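These exercises look at how charged side chains pair and at how two chains meet. Please work through each task with the structure open before reading its solution.

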Protein chains: 2
Amino acid sequence: MSAENSILAILSFWPSSGYDIKAEFEHKAAGLYWGMSYGSIYPKLKKLEEEGLIFPMEKEEEGRKKKLYELTSNGWGEFEKWLQATPAYPVVKDELLMKMSTWHEDMDSSVLISHLQARKATTEDILKFVKEWPTNGNSYISNYGMLSIRYAEKRLKTELEWIEESIEALIKDKLPTGQDPYGNTDKMMLRRREALKTLKENN
Amino acid sequence: MSAENSILAILSFWPSSGYDIKAEFEHKAAGLYWGMSYGSIYPKLKKLEEEGLIFPMEKEEEGRKKKLYELTSNGWGEFEKWLQATPAYPVVKDELLMKMSTWHEDMDSSVLISHLQARKATTEDILKFVKEWPTNGNSYISNYGMLSIRYAEKRLKTELEWIEESIEALIKDKLPTGQDPYGNTDKMMLRRREALKTLKENN
DNA sequence: TGTTGCATGTAATCAGTTACATGATTTT
DNA sequence: AAAATCATGTAACTGATTACATGCAACA
């Protein structure tokens, strides 16, 4: 349900086409907190039109023709109802963290370091964008929007700090000490070697 | 594809049942970076078994019977291949941030404050858990796992700081200044009032 | 004139959740 | 004896992506 609402939210800024909405999710404000592909956007625009929440206003001037959608009064109503509803706590799916949590001693830690370096590069790019964007002279950002940009900035900086610390710890082989009350690391390594031995025997 | 890999990853710790895996995603390490419901887990276990990556080992002792799954040698291979593949950059879907970015002046900001307070409460709970967990005396956390716990801790603390700053700014009505080179805020308010006027006329 | 970017859209597919159904064991 | 928790599973549904198909406009 919330994917449709985020389309309404984008249309609240100004009338937009499907293409514009995609761009907004790709390089702009909304992209930091949400994402969506054409295969979702166009069918949803159609659905929202059928529900009477938006209507198409065939474009004026300029070379290219595009189909801009604008909120109806019901659309505004729906949008503001959504704003007031308690937001769901974000569900995180972070493959790097998942991999790191299940990394083990028989794996080459330099691979994990290179995962961290890749993450660092992307995070730095996004941080650069987030810093420049509110003063680029042509993007619209409301005062409320600035609050969420501050969030992005803080969060990305913290992430970079952690990445650097972690790379450092891995290189110097000074990882923090975990907790293993039942000797699980050893058990795990035994299970693994046992399983891989079986593989050799079968080949 | 990665959902299956995260099941393999959990099984790498120790043989587990579908129920165990769910629990792991709910209250433990993995839950901070991933999530999954029974409706996904059981069919995936079946599929992984068919693919020869895991096999069931009917439970030993204890009262309840459960079906523990263990990695095969191919399962270990697949798991470690996955560990080495470059992780995708996490896709964030944060409804609170999306709402905040599109909040506007005709909406009661006390509602936004209460959204922030709800988020704060949940974040505090999770932070508390994350802090206690590595020293609870019975959970297994590898040294690599500790690195990712540090991430969670840092990130949650940063989030709390930002929430407090933001509540403060909203209460005192001292929001940071955004950027509005084409007078969009005014245009938006006009469009909105125009649309809502139409609604009144039709009722 | 060929390539890139703008622009809209659909069909096939994949991934996931919710709700339901069932039943055993443990605790109160 | 009832309630809670452990435990497994399926069917219906929702939601979203990928790949494909199409075509015009701008530009080099």
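**Exercise 1.** Which residues are linked with A:Glu4 in a network of salt bridges?

*Solution.* Begin with the conventions: this is a predicted model, in which local features need pLDDT of at least 70 and side-chain atom pairs count only at pLDDT 80 or more, while totals for chains, interfaces and linings use all residues. Residues are numbered from 1 along each chain as its sequence is written, chains are lettered from A and ligands numbered from 1 in the order in which they are written, and side-chain values use heavy atoms, with hydrogens and water left out. Next, apply the criterion for a salt bridge, a side-chain nitrogen of Lys or Arg within 4 Å of a carboxyl oxygen of Asp or Glu. The network that contains A:Glu4 also takes in A:Lys44, A:Lys47 and A:Glu51.

**Exercise 2.** Find which parts of chain A are tied together by the salt bridge between A:Asp94 and A:Arg119.

*Solution.* First, locate the pair, whose N to O distance is 2.6 Å. Then place each residue: A:Asp94 lies in the loop between helix 4 and helix 5 of chain A, and A:Arg119 in helix 6 of chain A, so the pair ties together parts that are 25 residues apart in sequence (helices are DSSP runs of H or I, at least four residues, numbered from the N terminus). Finally, check accessibility: both A:Asp94 and A:Arg119 are buried, the term standing for under 20% relative accessible area, with exposed over 50% and partly exposed in between (1.4 Å probe, protein chains only).

**Exercise 3.** Set the pair B:Arg119 and B:Glu159 beside the pair B:Glu153 and B:Lys157.

*Solution.* In the salt bridge of B:Arg119 with B:Glu159, the closest N and O atoms are 2.7 Å apart; the pair links helix 6 to helix 7 of chain B across 40 residues. B:Arg119 counts as buried at 5% relative accessibility, and B:Glu159 counts as buried at 3%. B:Glu153 and B:Lys157 meet at 3.5 Å, N to O, and both lie in helix 7 of chain B, four residues apart, about one turn of the helix. Here B:Glu153 counts as partly exposed at 22% relative accessibility, and B:Lys157 is partly exposed at 38%.

**Exercise 4.** How many salt bridges are there between chain A and chain B?

*Solution.* The count between the two chains is eight, and one of the salt bridges joins A:Arg192 to B:Glu80, with the closest N and O atoms 2.4 Å apart. Over all chains, a search of the whole structure finds 40 salt bridges.

Technical notes: Helix = DSSP H or I, 4+ residues; strand = E, 2+ residues; numbered from the N terminus.
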